[in-house]
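Please walk me through this protein model, from its overall fold to its core, its salt bridges and its surface.

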Amino acid sequence: APWRFAGLLAGAWLVAYALLGGPALAALLSGRIVSLDAVRAAVPAAALACSLVPALWCARWFTGRVRHALVVSRSRAEFRARAWPLLLTAAGLFTAALAALLWSVRAASGAPAARPGELAAVTALGGLLFLARLLTARGSGRAAAVAALAACGLEAAALGAAALEA
(Lines give C-alpha, C1' and ligand atoms only; values in the text may rest on other atoms or scores of the structure.)
Protein backbone atom coordinates (compact mmCIF):
# COMPACT_ATOMS: atom_id res chain seq x y z
CA ALA A 1 0.00 0.00 0.00
CA PRO A 2 2.73 2.59 0.76
CA TRP A 3 4.42 1.94 -2.60
CA ARG A 4 1.10 2.22 -4.42
CA PHE A 5 0.38 5.59 -2.78
CA ALA A 6 3.93 6.81 -3.50
CA GLY A 7 3.57 5.66 -7.11
CA LEU A 8 0.28 7.53 -7.51
CA LEU A 9 1.80 10.71 -6.07
CA ALA A 10 4.82 10.35 -8.33
CA GLY A 11 2.58 9.83 -11.37
CA ALA A 12 0.61 12.97 -10.51
CA TRP A 13 3.84 14.96 -10.12
CA LEU A 14 5.14 13.68 -13.46
CA VAL A 15 1.97 14.66 -15.30
CA ALA A 16 1.90 18.08 -13.62
CA TYR A 17 5.53 18.61 -14.55
CA ALA A 18 4.77 17.63 -18.15
CA LEU A 19 2.11 20.34 -18.26
CA LEU A 20 3.75 23.12 -16.26
CA GLY A 21 7.38 22.18 -15.70
CA GLY A 22 8.74 23.53 -18.98
CA PRO A 23 7.38 27.06 -18.54
CA ALA A 24 8.35 27.09 -14.86
CA LEU A 25 11.90 26.00 -15.67
CA ALA A 26 12.13 28.57 -18.48
CA ALA A 27 10.94 31.31 -16.12
CA LEU A 28 13.50 30.34 -13.50
CA LEU A 29 16.36 30.13 -15.99
CA SER A 30 15.53 33.41 -17.75
CA GLY A 31 14.77 35.32 -14.57
CA ARG A 32 11.53 36.68 -16.00
CA ILE A 33 7.94 35.58 -16.04
CA VAL A 34 7.09 33.34 -18.98
CA SER A 35 3.44 33.22 -19.97
CA LEU A 36 1.77 29.85 -20.01
CA ASP A 37 0.11 29.27 -23.35
CA ALA A 38 -3.02 27.20 -22.73
CA VAL A 39 -2.80 25.48 -26.11
CA ARG A 40 0.86 24.60 -25.59
CA ALA A 41 0.08 23.16 -22.15
CA ALA A 42 -2.96 21.22 -23.40
CA VAL A 43 -1.06 19.42 -26.17
CA PRO A 44 0.90 17.05 -23.90
CA ALA A 45 -2.20 16.36 -21.83
CA ALA A 46 -4.27 15.55 -24.90
CA ALA A 47 -1.54 13.35 -26.37
CA LEU A 48 -1.12 11.46 -23.08
CA ALA A 49 -4.90 10.99 -22.83
CA CYS A 50 -5.09 9.74 -26.42
CA SER A 51 -2.21 7.35 -25.75
CA LEU A 52 -4.34 5.24 -23.42
CA VAL A 53 -5.66 3.19 -26.34
CA PRO A 54 -2.19 2.35 -27.75
CA ALA A 55 -1.02 1.63 -24.19
CA LEU A 56 -3.85 -0.83 -23.69
CA TRP A 57 -3.17 -2.50 -27.04
CA CYS A 58 0.60 -2.75 -26.38
CA ALA A 59 -0.01 -4.15 -22.89
CA ARG A 60 -2.40 -6.78 -24.21
CA TRP A 61 0.00 -7.67 -27.03
CA PHE A 62 2.83 -8.01 -24.50
CA THR A 63 0.71 -10.15 -22.16
CA GLY A 64 -0.31 -12.52 -24.92
CA ARG A 65 3.23 -12.94 -26.21
CA VAL A 66 4.67 -13.41 -22.72
CA ARG A 67 2.10 -16.07 -21.90
CA HIS A 68 3.08 -17.92 -25.05
CA ALA A 69 6.77 -17.55 -24.14
CA LEU A 70 6.02 -18.96 -20.70
CA VAL A 71 4.29 -21.99 -22.17
CA VAL A 72 7.06 -22.87 -24.63
CA SER A 73 10.03 -22.06 -22.39
CA ARG A 74 11.77 -24.93 -20.61
CA SER A 75 13.69 -22.87 -18.05
CA ARG A 76 13.73 -19.45 -16.39
CA ALA A 77 16.71 -18.40 -18.46
CA GLU A 78 14.95 -19.33 -21.69
CA PHE A 79 11.80 -17.48 -20.57
CA ARG A 80 13.86 -14.41 -19.67
CA ALA A 81 15.57 -14.55 -23.07
CA ARG A 82 12.18 -14.68 -24.80
CA ALA A 83 10.44 -12.06 -22.63
CA TRP A 84 13.07 -9.33 -22.66
CA PRO A 85 12.79 -8.56 -26.42
CA LEU A 86 9.00 -8.58 -26.08
CA LEU A 87 9.17 -5.95 -23.34
CA LEU A 88 11.47 -3.77 -25.43
CA THR A 89 9.22 -4.18 -28.47
CA ALA A 90 6.07 -3.27 -26.53
CA ALA A 91 7.76 -0.21 -25.02
CA GLY A 92 9.11 0.82 -28.43
CA LEU A 93 5.71 0.43 -30.10
CA PHE A 94 4.04 2.50 -27.41
CA THR A 95 6.71 5.19 -27.50
CA ALA A 96 6.40 5.46 -31.29
CA ALA A 97 2.61 5.69 -31.02
CA LEU A 98 2.89 8.40 -28.35
CA ALA A 99 5.34 10.40 -30.44
CA ALA A 100 2.99 10.18 -33.44
CA LEU A 101 0.04 11.23 -31.28
CA LEU A 102 1.98 14.14 -29.84
CA TRP A 103 2.89 15.34 -33.30
CA SER A 104 -0.70 14.83 -34.55
CA VAL A 105 -2.32 16.65 -31.63
CA ARG A 106 0.13 19.54 -31.99
CA ALA A 107 -0.57 19.81 -35.74
CA ALA A 108 -4.36 19.52 -35.29
CA SER A 109 -4.50 22.14 -32.54
CA GLY A 110 -2.46 24.69 -34.46
CA ALA A 111 -0.03 24.96 -31.57
CA PRO A 112 3.37 26.47 -32.30
CA ALA A 113 6.17 24.11 -33.22
CA ALA A 114 7.66 22.30 -30.26
CA ARG A 115 11.31 22.15 -29.44
CA PRO A 116 12.83 18.65 -29.78
CA GLY A 117 13.56 18.57 -26.06
CA GLU A 118 9.89 19.13 -25.25
CA LEU A 119 8.83 16.31 -27.54
CA ALA A 120 11.46 14.00 -26.08
CA ALA A 121 10.44 14.87 -22.51
CA VAL A 122 6.75 14.11 -23.03
CA THR A 123 7.54 10.94 -24.98
CA ALA A 124 9.92 9.79 -22.23
CA LEU A 125 7.27 10.54 -19.59
CA GLY A 126 4.69 8.49 -21.46
CA GLY A 127 7.16 5.63 -21.86
CA LEU A 128 7.96 5.73 -18.15
CA LEU A 129 4.28 5.68 -17.21
CA PHE A 130 3.67 2.77 -19.62
CA LEU A 131 6.55 0.73 -18.19
CA ALA A 132 5.38 1.54 -14.66
CA ARG A 133 1.93 0.25 -15.57
CA LEU A 134 3.38 -2.95 -17.00
CA LEU A 135 5.55 -3.50 -13.93
CA THR A 136 2.65 -2.85 -11.57
CA ALA A 137 0.37 -5.21 -13.46
CA ARG A 138 3.04 -7.95 -13.22
CA GLY A 139 3.46 -7.57 -9.46
CA SER A 140 6.47 -5.25 -9.41
CA GLY A 141 4.75 -2.15 -8.09
CA ARG A 142 7.68 -1.29 -5.86
CA ALA A 143 10.10 -1.13 -8.81
CA ALA A 144 7.63 1.03 -10.75
CA ALA A 145 7.21 3.42 -7.81
CA VAL A 146 10.96 3.68 -7.29
CA ALA A 147 11.50 4.52 -10.97
CA ALA A 148 8.75 7.16 -10.91
CA LEU A 149 10.08 8.63 -7.67
CA ALA A 150 13.58 8.82 -9.17
CA ALA A 151 12.20 10.71 -12.18
CA CYS A 152 10.37 13.08 -9.82
CA GLY A 153 13.58 13.67 -7.90
CA LEU A 154 15.45 14.56 -11.08
CA GLU A 155 12.74 16.99 -12.15
CA ALA A 156 12.59 18.59 -8.71
CA ALA A 157 16.39 18.88 -8.68
CA ALA A 158 16.30 20.67 -12.05
CA LEU A 159 13.72 23.15 -10.74
CA GLY A 160 15.66 23.59 -7.51
CA ALA A 161 18.95 24.21 -9.29
CA ALA A 162 17.31 26.75 -11.59
CA ALA A 163 15.72 28.49 -8.61
CA LEU A 164 19.08 28.74 -6.84
CA GLU A 165 20.69 30.30 -9.91
CA ALA A 166 17.90 32.85 -10.29
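A residue counts as buried under 20% relative accessible area, as exposed over 50%, and as partly exposed in between. E78 has 18% relative accessibility, so E78 counts as buried. That residue returns below, with its charged partners. The model itself is predicted.

Begin with the fold. The protein has six helices and zero strands. From the N terminus on, the order is α-α-α-α-α-α. Of the 166 residues, 31% count as buried. Among contacts with a separation of 6 or more, 74% join residues 24 or more positions apart. The protein exposes about 10000 Å². Carbon and sulfur atoms supply 71% of that area.

Now turn to the interior. In soluble globular proteins, nonpolar side chains tend to be buried together. Here, the largest nonpolar core has 27 residues. L14, F62, L86, F94 and F130 have the most contacts inside it. At least two residues of this core come from each of α1 (2–30), α2 (38–50), α3, α4 (76–109), α5 (116–137) and α6. The largest share is that of α3, with seven residues.

L14 shows what packing in this core involves. Setting aside neighbours within four places in sequence, L14 is in contact with L125, L128 and L129, among others. The list goes on with A148, A151, C152 and E155. A148 also has a counterpart in α1. G7 lies in that helix. G7 and A148 are 141 residues apart in sequence, yet 6.6 Å apart in space, C-alpha to C-alpha. G7 has 22% relative accessibility and therefore counts as partly exposed.

Next comes α3, which covers residues 52–72. It has 21 residues. Its first and last C-alpha atoms are 30 Å apart, close to the 30 Å expected at 1.5 Å a residue. The buried residues of α3 are P54, A55, C58, A59, W61, F62, T63, V66 and A69. F62 is also among the residues with the most contacts inside the core.

Helix α4 has 34 residues. It reaches 48 Å from first C-alpha to last, close to the 50 Å expected at 1.5 Å a residue. Its buried residues include L86, A90, A91, F94 and L98. A83, L102 and V105 are buried there too. So are two residues with charged side chains, E78 and R106. After α4 comes G110, whose phi is positive, near 75 degrees.

L101 also sits in α4. At 22% relative accessibility, L101 counts as partly exposed, because the buried class stops under 20%. Not counting residues up to four places away in sequence, L101 touches A47, C50, S51 and P54. P54 is one of the buried residues of α3. L101 is also 8.3 Å from L48, C-alpha to C-alpha, although the two are 53 residues apart in sequence.

How many salt bridges does the structure hold? It holds two. One joins the side chains of R74 and E78, at 3.7 Å from N to O. The other joins R82 and E78, at 3.0 Å from N to O. R74, E78 and R82 are thus linked in a network of salt bridges. R82 and E78 both lie in α4, four residues apart, about one turn of the helix.

Are the members of this network buried or exposed? R74 counts as exposed, because its relative accessibility is 74%. R82 counts as partly exposed, at 37%. E78 counts as buried, at 18%. The network therefore joins a buried glutamate to an exposed arginine and a partly exposed one.

End at the surface. W3, V146 and L149 make a nonpolar surface patch of about 250 Å². V146 is placed in helix α6, residues 141–165. Its relative accessibility is 42%, so V146 counts as partly exposed.

Conventions: Residues are numbered from 1 along each chain as its sequence is written. This is a predicted model: local features need pLDDT of at least 70, side-chain atom pairs count only at pLDDT 80 or more; totals for chains, interfaces and linings use all residues. Side-chain values use heavy atoms; hydrogens and water are left out. The expected span of a helix is 1.5 Å times one less than its number of residues. Buried means under 20% relative accessible area, exposed over 50%, partly exposed in between (1.4 Å probe, protein chains only). Patches are made of residues with over 30% relative accessible area and no salt bridge: like charges are joined within 9 Å, nonpolar side chains (Val, Leu, Ile, Met, Phe, Trp, Tyr) within 5 Å. Accessible areas come from the Shrake-Rupley method with a 1.4 Å probe; for residues, only the protein chains shown count as cover. A salt bridge is a side-chain nitrogen of Lys or Arg within 4 Å of a carboxyl oxygen of Asp or Glu. A nonpolar core is a set of buried Ala, Val, Leu, Ile, Met, Phe, Trp, Tyr and Cys residues joined through side-chain atoms within 4.5 Å. Contact means heavy atoms within 4.5 Å.
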